[in-house]
Amino acid sequence: MANERILALARDLTRVAPRSARAPLGEYRVILARAVDKCRAELAGRAGPYHFNCPLDRAFFDFTGIDAAEFKQFVATGASDQEIVVWIAEKSRVRDSRRVALWSQWFRLNPMNWLLDVDDWLHVRRNANSDK
């Protein structure tokens with residue numbers, strides 16, 4: 001069972017979408033915020049059609065060298081976004097902020113990300129229509 005902090009922080013991804021893959025969190029301008037939302041939702045039993053540690057999340061974990069299970073364990077403590085940012089900075093094998101910025105920029109320009117936004121929009125729209 002998720003702790004109260006996780007339940008308070010977790011978005012209900014059965015009803016809403018996680019943050020965009022291009023939503024910034026800390027020095028990471030891509031993926032991290034979305035991975036956090038999906039991780040919290042999974043811990044709270046509210047992930048809906050979204051999956052933590054999907055190929056998109058793994059792109060972040062591969063880049064940083066962070067273990068997804070260790071990340072999930074830390075998020076399960078009820079850590080805030082800011083606490084997660086600090087933890088990532090401590091755990092990441094990438095210490096060069098210019099390298100992080102270039103990686104983030106490359107990802108932001110990938111047109112496949114727009115498909116995620118469209119899919120999220122459809123997910124929210126379907127849920128709004130089912131409430132009527």
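Let's start with a pair of helices in this predicted model. Helix α3, covering residues 55-64, and helix α6, covering residues 97-108, have axes that come within 12 Å of each other and cross at roughly 160°. Because of that angle, α3 is roughly antiparallel to α6; the cut-off for that description is an angle over 145 degrees. The crossing in which α3 passes α6 is right-handed.

Now look at the side chains that bring the two helices together. From α3, the contact is made by Leu 56, Ala 59, Phe 60 and Phe 63, while α6 contributes Arg 99, Val 100, Trp 103 and Phe 107. Sorted by class, this contact of α3 with α6 holds seven nonpolar residues and one charged residue, with no polar ones.

From here, you can follow α3 to another feature, the largest pocket. Its volume is about 270 Å³. There are 16 residues lining the largest pocket, and those closest to its centre are Arg 34, Lys 38, Cys 54, Leu 56 and Leu 116. Leu 56 is worth a second look: this residue of α3 also belongs to the contact with α6.

Which elements give two or more residues to the lining of the largest pocket? They are α2 (32-44), α3 and α7 (112-130). Of these, α7 gives the most, with six residues. As for chemical character, the lining of the largest pocket divides into eight nonpolar, four polar and four charged residues. So if you are browsing the model on screen, α3 is a handy thread: it takes part in the contact with α6 and gives residues to the pocket lining.

Technical notes
Residues are numbered from 1 along each chain as its sequence is written. This is a predicted model: local features need pLDDT of at least 70, side-chain atom pairs count only at pLDDT 80 or more; totals for chains, interfaces and linings use all residues. Side-chain values use heavy atoms; hydrogens and water are left out. Axes are lines fitted to C-alpha atoms, for helices over the stretch in contact, and angles run from 0 to 180 degrees between N-to-C directions. Helices (H or I, at least four residues) and strands (E, at least two) are DSSP runs, numbered from the N terminus. Angles under 35 degrees count as roughly parallel, over 145 as roughly antiparallel, 65 to 115 as roughly perpendicular and the rest as oblique. A crossing is left-handed if the near helix is turned anticlockwise from the far one by less than a right angle, and right-handed if clockwise. Contact means heavy atoms within 4.5 Å. Ala, Val, Leu, Ile, Met, Phe, Trp, Tyr, Cys and Pro count as nonpolar, Asp, Glu, Lys and Arg as charged, and the others, Gly among them, as polar. On a 1 Å grid over the protein atoms alone, a cavity is a set of points where a 1.4 Å probe fits but cannot get out, and a pocket is an open set with protein on both sides within 12 Å along at least five of seven lines; lining residues have an atom within 4 Å of a point. Grid points are joined across faces, edges and corners, and a volume is the space filled by probe spheres set on the points.
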